Amino acid sequence: YSPHNNNYYFSISNKNIGLKVTTTANRPLSQIIIWGCQNTLCPEPYIKVEAAPQESFSWDIDYHFSPNA
């Protein structure tokens, strides 16, 4: 990973149902954990939060659902 926002872009596709979700954010990705069970796959992306006490910190995450190409 790098400290740049452009590394926070990934897609997960389900070829069986023909759908894809693409995820982007305005903060760098620090790590990703993927868990699943019989019929669920869930990526859990994390960002590094750097905020002093009483300081606000915000970020945006976008999920785009589309047909799997």
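Select Ile 61 to begin, and you will find it in strand β5 of what is a predicted model. With a relative accessible area of 30%, Ile 61 is partly exposed, because values between the 20% and 50% cut-offs are classed that way. Now add Asn 26 to the selection: the two residues are 35 apart along the chain, yet their C-alpha atoms are separated by 6.9 Å. If you leave out residues up to four places away in sequence, Ile 61 touches Tyr 8, Thr 23, Thr 24 and Ala 25.

Widen the view next to the whole sheet, where three strands lie in the order β1-β2-β5, forming an open sheet with antiparallel pairing. Strands β1 and β5 (61-67) stand at the edges, and each has a single partner strand, so one side of each is left without a neighbour in the sheet. From one strand to the next, the twist averages 20°. As general background, strands of a sheet pair through backbone hydrogen bonds, in either a parallel or an antiparallel manner.

Follow the pairing of β2 with β5, which run antiparallel and are joined by seven bridges. To see one of these pairs, select Leu 19 together with Pro 67, its bridge partner in β5.

Then turn to the other pairing of β2, in which strand β1 (residues 9-14) runs antiparallel to strand β2 (residues 19-25) and six bridges join the two. These strands form a hairpin with four residues between them, and in the turn you can select Gly 18, whose phi is positive, at about 75°.

Which residue in β2 stands opposite Ser 11? Select Thr 22, which lies in strand β2 and is the residue that Ser 11 faces. Displaying both side chains shows a polar contact between Thr 22 and Ser 11, at 2.7 Å. Is Thr 22 buried or exposed? Thr 22 counts as buried, because its relative accessibility is 9% and the cut-off for burial is under 20%. Setting aside neighbours within four places in sequence, Thr 22 is in contact with Tyr 9, Phe 10, Ser 11, Asp 62, Tyr 63 and His 64.

From that list, move on to Phe 10, whose contacts, with neighbours within four places in sequence again left aside, are Val 21, Thr 22, Thr 23, Ile 32, Pro 43 and Pro 45. Phe 10 also belongs to the largest nonpolar core, so select its five residues together: Tyr 8, Phe 10, Ala 25, Leu 29 and Ile 47. In soluble globular proteins, nonpolar side chains tend to be buried together.

Look next at Lys 48 and Glu 50, whose side chains meet in a salt bridge, with 3.3 Å from N to O. The count for this model comes to one salt bridge. Both partners are exposed, Lys 48 at 58% relative accessibility and Glu 50 with a relative accessible area of 55%. In general, side chains of opposite charge can pair when their charged atoms come close.

Finish at Gln 54, in the loop between β4 (40-47) and β5. Its phi is near 70°, a positive value in a residue other than glycine. How exposed is the residue at this last stop? Gln 54 counts as exposed, because its relative accessibility is 84% and the cut-off for that class is over 50%.

Key
Residues are numbered from 1 along each chain as its sequence is written. This is a predicted model: local features need pLDDT of at least 70, side-chain atom pairs count only at pLDDT 80 or more; totals for chains, interfaces and linings use all residues. Side-chain values use heavy atoms; hydrogens and water are left out. Two strands pair if DSSP finds at least two bridges between them. A salt bridge is a side-chain nitrogen of Lys or Arg within 4 Å of a carboxyl oxygen of Asp or Glu. Buried means under 20% relative accessible area, exposed over 50%, partly exposed in between (1.4 Å probe, protein chains only). Axes are lines fitted to C-alpha atoms, for helices over the stretch in contact, and angles run from 0 to 180 degrees between N-to-C directions. A polar contact is a pair of N or O atoms within 3.5 Å; within protein, one must be able to donate a hydrogen and the other to accept it, and residues adjacent in sequence count only if both atoms are side-chain atoms. Contact means heavy atoms within 4.5 Å. A nonpolar core is a set of buried Ala, Val, Leu, Ile, Met, Phe, Trp, Tyr and Cys residues joined through side-chain atoms within 4.5 Å.
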